[in-house]
Amino acid sequence: MATIKDIAKYTGVSPTTVSNVIHGRDAKVSIETKEKVNKALKELNYTANMGGRLLANHGSRIIGVIIQDTEAVNEAFFDNPYHGELIQTLEAKIKEAGYFMMFHRVSDFEEGAKLADMWNLEGLIVSGTSANDINKWQTRVSVPIVFIDSYGQGINRPKLNVGIDDRAGALNMTKYLLRKGYSDIVFIAKSDSPSDWKGLDLERSLGVKEAMEEVNLLPKFVSIPTTYTNYGTFIKRFLLPIVRNETVFFCSSDLLAIQVISELYKEGITVPNDISIVSFDGTAYSKYATPQITSMRQDVFEKATAIMTLMVENIEKNNQKEQSKEIKTVLVEGGSVKNIRNK
């Protein structure tokens, strides 16, 4: 691997000049010399020593990505394709912006904050945090923080946030189901009880409720266990008794919809012949399911782009004035809903 001394010998300039060009201290270096050095860097396939850059105090170029998840110990994170798509797309956008990604999944704020303290981060992206922890993050961490899908208010209002209008998305999906003839709509999300729903699950449930109340109907809310190992027993006990052609299950995520469909299939229940099912996120799971699941899609690429746009702007300007970006959702129809309007 080529060294700075190799580049200096190859170009005929001093090692100091080569180092200045590599690390951006090139204000006093002529354009001709910079071009010569940069050309040599490419020709000799030079790779910068990041440790040296850190020691030289020119910025770590590291963006931390922390997913705060209370189920971090109990459940496989990447089972949900939304998470995989988000992390993969973020990594690509971070690299495109000239930074490096450090990813960690943590169970609570304290664990995440300790990790953030250990690294010389230039920025931090936080997803999954509760509204009550937002002020803790913004008080503890001095670098710009971009939150994903956060709903804090007052002192817990995120200064930088990128999300979607979950309530509006669920409202639009519910209105779609009402047009299809459904009045029995069951919204399903993970937790011990619907009263425990927070963040996006709460917002989506409120969207369902709002759409149904507009036509003098009430939704049913069902809380499903947080771990897949308990789904079979739960579905037999609570969902099978309410399965019928005139009912639709609105699952809070594509993964949950797939899991429910799988368990129902074991009991001889098929979609959409016996029950209709819709979901949220529009991931590959909804697209490749049989039948394709009607889902409210969010554009993860657009989301990652907006996150890094806010991040880079605030790193460069060192200014965290409040900024929020909302990504629109789009209803993607599949074959998981039967039209019962004219039955």
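This text leads through the structure above, from its overall form to its domains, its salt bridges and two serine residues.

The structure is a predicted model. The protein has 343 residues, of which 48% are buried. Its secondary structure consists of 13 helices and 12 strands. Taken along the principal axes, the C-alpha atoms fill a box of roughly 85 × 40 × 35 Å. Contacts across the sequence figure prominently in the count: among contacts between residues at least 6 apart in sequence, 71% join residues at least 24 apart.

The chain is divided into three parts, namely domain 1 (4-48), domain 2 (62-164 + 300-327) and domain 3 (166-297). Domain 2 is thus given as two segments of the chain, 62-164 and 300-327. Between the C-alpha centres of domain 2 and domain 3 there is a distance of 28 Å.

The boundary between these two domains can be described in some detail. On one side, 10 residues of domain 2 take part in contacts, and on the other, 15 residues of domain 3. Together the two domains bury an area of about 1000 Å², and carbon and sulfur atoms give 56% of this area. Helix H5 (residues 81-96) supplies three residues, the largest share of the side of domain 2 that touches domain 3. By class, that side of domain 2 has four nonpolar, two polar and four charged residues. Although charged residues are present on this side, the count of salt bridges between domain 2 and domain 3 is zero. Polar contacts do occur there: three residue pairs, with both residues at pLDDT 80 or more, are in polar contact between the two domains.

The structure as a whole holds 19 salt bridges. Side chains of opposite charge can pair when their charged atoms come close. Three of these pairs are described here in turn.

The pair Lys-95 and Glu-91 forms a salt bridge in which the closest N and O atoms are 3.7 Å apart. Because the two residues are four places apart in helix H5, about one helical turn separates Lys-95 from Glu-91. The partners differ in accessibility class: Lys-95 is exposed, at 54% relative accessibility, while Glu-91 is partly exposed, at 31%.

A second salt bridge joins Arg-140 and Glu-110, again with the closest N and O atoms 3.7 Å apart. This pair links distant parts of the chain, since its members are 30 residues apart, with Arg-140 in helix H7 (residues 134-140) and Glu-110 in helix H6 (residues 109-118). Arg-140 is partly exposed, with a relative accessible area of 34%, and Glu-110 is also partly exposed, at 40%.

The third pair consists of Glu-246 and Arg-244, whose side chains meet in a salt bridge with an N to O distance of 3.3 Å. Glu-246 is partly exposed, with a relative accessible area of 32%, and Arg-244 is likewise partly exposed, at 40%. These two residues belong to a wider arrangement, in which salt bridges that share partners join Asp-184, Lys-220, Arg-244 and Glu-246 into one network.

Two serine residues, each in a strand, complete the account. Ser-279 lies in strand S9 (residues 276-281). With a relative accessible area of 0%, Ser-279 falls under the 20% limit and therefore counts as buried. The side chain of Ser-279 is joined to that of Asp-254 by a polar contact of 2.6 Å. Residues up to four places away in sequence aside, Ser-279 touches Met-173, Phe-250, Cys-251, Ser-253, Asp-254, Ala-257, Ile-293, Thr-294, Ser-295 and Met-296. Asp-254 thus appears both in this list of contacts and as the partner in the polar contact.

Ser-127 is found in strand S3 (residues 123-127). At 11% relative accessibility, Ser-127 counts as buried. Beyond its neighbours within four places in sequence, Ser-127 is in contact with Ile-66, Ile-67, Gln-68 and Ile-148. A further distance relates this serine to another part of the chain: the C-alpha atoms of Ser-127 and Ile-340 are separated by 39 Å, and the two residues are 213 residues apart along the chain.

How values were computed: Residues are numbered from 1 along each chain as its sequence is written. This is a predicted model: local features need pLDDT of at least 70, side-chain atom pairs count only at pLDDT 80 or more; totals for chains, interfaces and linings use all residues. Side-chain values use heavy atoms; hydrogens and water are left out. Domain bounds come from an automatic or database domain assignment. Contact means heavy atoms within 4.5 Å. Buried area is the accessible area (1.4 Å probe) that two parts lose on being put together, summed over both. A salt bridge is a side-chain nitrogen of Lys or Arg within 4 Å of a carboxyl oxygen of Asp or Glu. A polar contact is a pair of N or O atoms within 3.5 Å; within protein, one must be able to donate a hydrogen and the other to accept it, and residues adjacent in sequence count only if both atoms are side-chain atoms. Ala, Val, Leu, Ile, Met, Phe, Trp, Tyr, Cys and Pro count as nonpolar, Asp, Glu, Lys and Arg as charged, and the others, Gly among them, as polar. Buried means under 20% relative accessible area, exposed over 50%, partly exposed in between (1.4 Å probe, protein chains only).
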